[in-house]
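This report walks through one protein model, from overall make-up to single loop residues. Please keep the sequence and the 3D view at hand.

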Amino acid sequence: MDTSDPDLLPEGLEDRLPRDAATATRVMRAIHGTMHGHGYDRVMPPSIEFERSFAARMAGIQSRRMFRFVDPLSLRMMALRSDYTPQIGRLAETRLAEAPRPLRLCYAGQVVTIKPDGLNPAREKLQCGAELVGADNVAAAAEAVALAIEALQAAGASGVSVDFTLPDLVDTLAEKALPLDPSQIEAVRRELDTKDAGGLRDVGGEAYVPLLYATGEFDSAIEKLAAIDAGGALASRIKALREIAASLNGMARLTLDPSERHGFEYQTWFGFTLYAEGVRGPVGRGGTFRIAGSGAGEPATGFSLYPDALIDLLAAHEPAEDRVFLPLGHNRNEAARLRSIGWRTVAALTDADSAEALGCTHVLGASGPEKA
């Protein structure tokens, strides 16, 4: 017999009460407004799809992290969305296949995973993002980074910083410049991820140890990376990183960690992580990737923002909104006029209702809103 509390939510899920929900709505509007202003059109894919559609759309998507179940109609395995990006890829390759490129799409909504990610216990998160489909160059990457920064700042984030990475770094170097046996590549990636110099030497990746120290503030780290670039294998990527950084023109603090791979499993040559002052952990990630399709697939560049922690920070400091109490028998036309210019109104339903009881700051009087 189930004796658990019927009001208890599952681990990793939470309610947002009015104050937090209002902040979340404002943040989402600000982020979407920024993306819309830059020509990105919003799409709204379903929250549930066939598991195969999620898993086959791009490398690195792990279906075992999704809630899955059998569809009683088709008897096929379905999954609850854990990431919007594969769905944007599906739309781009199917219903929007004939749309002009580059195709600019944006989205916002909830995503759910079976297990939490790292130290964050949440299993349901708000994800807002944009994808630039059909473009994979310095201009596209610079647009994605700048748009992500602008969207966060519009939402209320301060002290935004961006950490650049090169997700295919090991593959690029292992081909010729710093050769590795195919069986060593994954081990070298793993040790770079954990920043373990001793572990790198143990798996035969001693030549990769200097990469651990090409990190930190962008200007100094990119010089270190250029100094250890074996045979110019990374010359084009280093040049691209410099151009992207220059294009941002001081919009945010920039750092570099070229060997970082966690969270960039399906990215190709460029990736970035976004942080904001006072917010614990990353508030977003982005970069270049390929959408599975005919041939080699289609290139794309984009980012995903996860603003829940930012919403928590902002909600704790945002002032309460003014609300006007409307007594019984109030002038409905005047109340409608107030709402049209931005006031919130709360109407009395009985004689017992009052401005104080309903949390109103003003009362509608003969000459308009008056302080309660």
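The protein has eleven helices and 16 strands. The model is predicted. Its C-alpha trace spans about 80 × 55 × 50 Å along the principal axes. Of the 372 residues, 45% are buried. Contacts reach far along the chain: among those between residues at least 6 apart in sequence, 64% join residues at least 24 apart.

## Nonpolar cores

The largest nonpolar core holds 70 residues. Within this core, F164, Y208 and L274 touch the most other members. Which helix gives the most to this core? Helix α4, residues 138–155, does so, with ten residues.

L274 shows how such a residue is surrounded. Neighbours within four places in sequence are left aside here. L274 is then in contact with A148, I149 and L152, among others. Its contacts also include V160, S161 and V162. Further along the chain, L274 meets P282, V283, G284, R285 and L305.

Another core lies apart from the one of 70 residues. This other core has 14 residues, among them Y84, A92, L105 and V111.

## The pair α1 and α10

Helix α1 covers residues 18–37, and helix α10 covers residues 308–315. The two helices pack at an angle of about 120°, and their axes are 9 Å apart. That angle makes α1 oblique to α10. The crossing of α1 past α10 is right-handed.

Which residues meet in this pair? From α1 come R19, D20, T23, A24, R26 and V27. From α10 come I311, D312, L314 and A315. By class, the contact has five nonpolar, one polar and four charged residues.

## Loop residues and their exposure

Five loop residues are set out below.

| Residue | Loop | Relative accessible area | Class |
|---|---|---|---|
| S82 | between β4 (77–80) and α3 (85–93) | 16% | buried |
| L96 | between α3 and β5 | 26% | partly exposed |
| P179 | between α5 (169–175) and α6 (182–193) | 60% | exposed |
| L75 | between β3 (68–70) and β4 | 66% | exposed |
| N249 | between α9 (235–248) and β9 (253–256) | 70% | exposed |

Is S82 buried or exposed? S82 counts as buried because its relative accessibility is 16%, and the cut-off for buried is under 20%. Beyond its neighbours within four places in sequence, S82 is in contact with M66, V111, V112 and T113. V111 is also among the residues of the core of 14.

L96 is partly exposed at 26%. Leaving aside neighbours within four places in sequence, L96 is in contact with L91, R101, L103 and L105. L105 belongs to the core of 14 residues as well. How far from L96 is E277? The two C-alpha atoms are separated by 38 Å, and the residues are 181 apart along the chain.

P179 is exposed, with a relative accessible area of 60%. Outside its neighbours within four places in sequence, P179 is in contact with L173 and A174. The C-alpha atoms of P179 and A207 are separated by 9.2 Å. Along the chain, P179 and A207 are 28 residues apart.

## Backbone features

Where is the cis peptide bond that involves P102? It runs from R101 to P102, with omega near 0°. P102 sits in the loop between α3 and β5 (103–112). L96 lies in the loop between α3 and β5 too. R101 is also one of the contacts of L96.

Positive phi values turn up at L75 and at N249. Phi of L75 is near 60°, and L75 is not a glycine. L75 counts as exposed, with a relative accessibility of 66%. Its loop runs between β3 and β4.

N249 has a positive phi of about 50°, although N249 is not a glycine either. N249 is exposed, with a relative accessible area of 70%. The loop of N249 links the stretch from α9 to β9.

Technical notes
Residues are numbered from 1 along each chain as its sequence is written. This is a predicted model: local features need pLDDT of at least 70, side-chain atom pairs count only at pLDDT 80 or more; totals for chains, interfaces and linings use all residues. Side-chain values use heavy atoms; hydrogens and water are left out. Axes are lines fitted to C-alpha atoms, for helices over the stretch in contact, and angles run from 0 to 180 degrees between N-to-C directions. Helices (H or I, at least four residues) and strands (E, at least two) are DSSP runs, numbered from the N terminus. Angles under 35 degrees count as roughly parallel, over 145 as roughly antiparallel, 65 to 115 as roughly perpendicular and the rest as oblique. A crossing is left-handed if the near helix is turned anticlockwise from the far one by less than a right angle, and right-handed if clockwise. Contact means heavy atoms within 4.5 Å. Ala, Val, Leu, Ile, Met, Phe, Trp, Tyr, Cys and Pro count as nonpolar, Asp, Glu, Lys and Arg as charged, and the others, Gly among them, as polar. A nonpolar core is a set of buried Ala, Val, Leu, Ile, Met, Phe, Trp, Tyr and Cys residues joined through side-chain atoms within 4.5 Å. Buried means under 20% relative accessible area, exposed over 50%, partly exposed in between (1.4 Å probe, protein chains only).
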